[in-house]
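Let's take a friendly walk through a protein model with two chains in view. Keep the sequence and the 3D picture side by side as you read.

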2 protein chains.
Amino acid sequence: MMNDVELKERIRNIPDFPKKGIVFRDITTLLKDGKAFGGVVDMLAEHFKSKNIDVVVAAESRGFIFGAAIANALHIGFVPVRKPGKLPHKTIKETYELEYGSDSLEIHEDGIEKGSKVLIVDDLLATGGTTKAAVKLVERLGGKVAGIAFVIELSFLHGRDKLRDYDVFSLVKYDSE
Amino acid sequence: MMNDVELKERIRNIPDFPKKGIVFRDITTLLKDGKAFGGVVDMLAEHFKSKNIDVVVAAESRGFIFGAAIANALHIGFVPVRKPGKLPHKTIKETYELEYGSDSLEIHEDGIEKGSKVLIVDDLLATGGTTKAAVKLVERLGGKVAGIAFVIELSFLHGRDKLRDYDVFSLVKYDSE
């Protein structure tokens, strides 16, 4: 198992992306290292193993990478949450605020069975807006959010406060930009 | 292991999506069935196991789902191919033709090591334009395309003709709309 320092060594810091003043945490350097990628998937899957999760939910696009691999590691299904218009069947939608403007996410209305235990997965917890929208979509369909897994948590943005009713677990924390 | 008929039972047909006359093959019904999703990943990984693949490459967004899970099953790394502007480091780009207009894909220029054996993964082979762009990106970086894996092949669109120099493998074939 890799510790926080070893994982951080595999995450590339990109200053001023996508805009000035932001340090982007680039996980592509971690992903291309099979041992690191597999280690991250195993650690997140292991943490939630005892919870008898029925299905993993993740939002496009980077969320799909870890969400799908974790679902497979847990031998359970995967349900995608997507931008409007991308899912072909009947959907429900949640709109959430961004720094400037708003964005929306959709899930198939038959994506989650009532009462099923859901693990929400994403690569990064920033302000928590996207994840909170995914939580709402799952709950509106009668699913129970049994856990929320992140690879990276930008703890200085306090996204965890938006998710305080849930079992939130992240592997790597950054305390400042 | 599931056969063609069992897999097709888990793929939902959506008439007239994204536009009139097209039958969309919806894999979300397969994905949410853990046994089917795991079976597809295992069958594709198993087929290419003996080729000593170094890394999986897949294009966003649905390609990420199968690509990441297969990379994990093979204990190797994953390299994303994305729409322009999404990857934060230095990239190279390929533009390809669509029915109307064109589209582009990028890969990090340090994504593939020279001489490494690459498995390209996508959910669907239609006309093959996206996959051909991914092949070119990998080869421009000095990678060797050791195989191309699809869940679904729309064989009536003859996408395989664009990829005839490669080891192309798909699990489910549709011979007409």
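B:Lys49 is exposed, with a relative accessible area of 53%. Here exposed means over 50% relative accessible area, buried means under 20%, and partly exposed is anything in between (1.4 Å probe, protein chains only). B:Lys49 has a charged partner: its side chain meets that of B:Glu46 in a salt bridge, 3.6 Å from N to O. B:Glu46 counts as partly exposed at 48% relative accessibility. A salt bridge here is a side-chain nitrogen of Lys or Arg within 4 Å of a carboxyl oxygen of Asp or Glu.

Before going on, a word about the model. It is a predicted one, in which local features need pLDDT of at least 70 and side-chain atom pairs count only at pLDDT 80 or more, while totals for chains, interfaces and linings use all residues. Residues are numbered from 1 along each chain as its sequence is written, chains are lettered from A and ligands numbered from 1 in the order in which they are written, and side-chain values use heavy atoms, with hydrogens and water left out.

**Charged pairs**

How many salt bridges does the structure hold over all chains? There are 23 over all chains. The table shows some of them.

| Pair | Closest N to O distance |
|---|---|
| A:Arg82 and A:Glu60 | 3.2 Å |
| B:Lys8 and B:Asp4 | 3.5 Å |
| B:Lys49 and B:Glu46 | 3.6 Å |
| B:Arg12 and A:Asp110 | 2.6 Å |

Take the pair A:Arg82 and A:Glu60, which form a salt bridge. A:Arg82 sits in the loop between β4 (77–81) and β5 (91–97) of chain A, and A:Glu60 in the loop between β3 (55–59) and α4 (62–73) of chain A, so the pair ties together parts that are 22 residues apart in sequence. Both A:Arg82 and A:Glu60 are buried. The helix and strand names come from DSSP runs (H or I, at least four residues, for helices; E, at least two, for strands), numbered from the N terminus.

B:Lys8 and B:Asp4 tell another story: both lie in helix α1 (residues 4–10) of chain B, 4 residues apart, about one turn of the helix. B:Lys8 is partly exposed at 29% relative accessibility, and B:Asp4 is partly exposed at 31%.

**A helix in chain B**

Is helix α3 (residues 34–48) of chain B largely enclosed or open? Of its 15 residues, 11 are buried, so α3(B) is largely enclosed by the rest of the structure. Among the buried ones are B:Phe37, B:Val40, B:Leu44 and B:Phe48. The length of α3(B) can be checked too: at 1.5 Å a residue its 15 residues should span 21 Å, and its end C-alpha atoms are 22 Å apart, which agrees. The expected span is 1.5 Å times one less than the number of residues.

**A hairpin in chain B**

Now find strand β5 (residues 91–97) of chain B. B:Ile92, B:Glu94 and B:Tyr96 point to one face and are buried, while B:Thr91, B:Lys93, B:Thr95 and B:Glu97 point to the other and are not. In a regular strand the side chains alternate between the two faces of the sheet. β5(B) pairs with strand β6 (residues 102–108) of chain B in the antiparallel sense over 7 bridges; strands count as paired if DSSP finds at least two bridges between them. B:Thr95 has B:Ser104 in β6(B) as its bridge partner. The two strands form a hairpin with 4 residues between them, and B:Gly101 in the turn has a positive phi of about 85 degrees.

**Where the chains meet**

The contact takes 37 residues from chain A and 37 residues from chain B, where contact means heavy atoms within 4.5 Å. About 2,800 Å² is buried between chain A and chain B, with carbon and sulfur atoms giving 59% of that area. Buried area is the accessible area (1.4 Å probe) that two parts lose on being put together, summed over both. In chain A, A:Lys32, A:Asn72 and A:Pro88 lose the most area to chain B, together 21% of what that side buries. Across this interface the rule finds 2 salt bridges.

**Unusual backbone spots**

Most residues other than glycine have a negative phi, and most peptide bonds are trans. B:Phe17 and B:Pro18, however, are joined by a cis peptide bond with omega about -5 degrees. B:Pro18 is in the loop between β1 (12–15) and β2 (23–26) of chain B. A:Asn52 is not a glycine, yet its phi is positive, near 50 degrees. A:Asn52 lies in the loop between α3 and β3 of chain A and is exposed, with a relative accessible area of 51%.
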